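Please work through the exercises below with the sequence and the 3D view at hand, trying each task before reading its solution.

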Amino acid sequence: MEKYYKKEGRYSYYEAGEGTPIVILHGLMGGLSNFDGVASYFSEKGYKIVIPDLPIYTQSILKTNVKSFAKYVKDFITFKGFDRVILLGNSLGGHIALYHTKMYPEKVAGLVITGSSGLYESAMGDSYPKRGDYEYIKKKAEDVFYDPKIATPELIDEVYATVNDRIKLIKTLTIAKSAIRHNMAKDLPKMHVQTCIIWGKNDKVTPPEVGTEFNKLLPNSTLYWIDHCGHAAMMEHPDEFNRVLEEWLIKTNM
């Protein structure tokens, strides 16, 4: 991904391809590389893929919340000169995409959410996180996936380092509280943007009933299931994820 990585002003982001912009929002413990499969596929299919680094751990504590991140995304879209975009978000990124769509509907042509928070917050876990306990962190990281082997030692080390960094830990807990505070249940029925919901049938973080509930509450949504799949479908089943997303993009003329 390095060769497509740019830094301009206060923004760092990945960009590849030409065409309709798809802006991708990563989750709390996620990074740009989580979307390698999506980025390489759709950048060859007439879309401009843009993945900004979200300022999850770099903004002041007062701006460490879902609403401020949604405003950051809007500023980034304006900075890039995009008129309207397709927003794709996983986990916390899905929640930010939803909140952005609520605040700035004129900027969003379509919405794609997968394993999104916003209705049900156990994403952080009630006992989350135990600092210093590597085995506990390893188990938590493995629980994100249907196949625990996807939680590589590198990924586990990264999560472990994050929860053992005092400032990052405080910000993680601040975001968790913000996610609960910014519950979207009352907002979703008023949001008429075309929405693609892609959910892992075996998601333990945001269980399948959460995907069903999103589908029920969002007026123009289509729900797709991916079997043998946990919380990060685009990492665990990239080909299936791309196939489903492409089907929806064609169906909705995006």
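The exercises that follow concern a predicted model, and each task comes with a worked solution.

**Exercise 1.** Determine what radius of gyration a compact globule with 254 residues would have, and compare the protein with that value.

*Solution.* For 254 residues, the expectation for a compact globule is a radius of gyration near 18 Å, and the protein, with 17 Å, agrees with it. As a next step, consider the box that the C-alpha atoms fill, which is roughly 50 × 40 × 35 Å along the principal axes. Finally, turn to burial and contacts: 53% of the 254 residues count as buried, and among contacts with a separation of 6 or more, 74% are between residues 24 or more positions apart.

**Exercise 2.** Locate T172 in the secondary structure and find which polar contacts its side chain makes.

*Solution.* Begin with the protein, whose secondary structure comes to 9 helices and 8 strands; T172 lies in helix α6, which covers residues 166–181. Next, check its surroundings: T172 has a relative accessible area of 2%, and because this is under 20%, T172 is buried. Then follow its side chain, which is joined to the side chain of Y57 by a polar contact of 3.0 Å and reaches the backbone oxygen of K168 at 2.8 Å.

**Exercise 3.** Explain why C196 and C229 do not form a disulfide with each other.

*Solution.* The sulfur of C196 has its closest cysteine sulfur in C229, at 13 Å, whereas a disulfide requires sulfur atoms within 2.5 Å. The distance is therefore too far for a bond, and a search of the whole structure finds 0 disulfides. As for their setting, C196 is buried at 0% relative accessibility, and C229 likewise counts as buried at 0%.

How values were computed: Residues are numbered from 1 along each chain as its sequence is written. This is a predicted model: local features need pLDDT of at least 70, side-chain atom pairs count only at pLDDT 80 or more; totals for chains, interfaces and linings use all residues. Side-chain values use heavy atoms; hydrogens and water are left out. Helices (H or I, at least four residues) and strands (E, at least two) are DSSP runs, numbered from the N terminus. Buried means under 20% relative accessible area, exposed over 50%, partly exposed in between (1.4 Å probe, protein chains only). A polar contact is a pair of N or O atoms within 3.5 Å; within protein, one must be able to donate a hydrogen and the other to accept it, and residues adjacent in sequence count only if both atoms are side-chain atoms. The radius of gyration is taken over C-alpha atoms; the globule rule is 2.2 Å times the number of residues to the power 0.38. Contact means heavy atoms within 4.5 Å.
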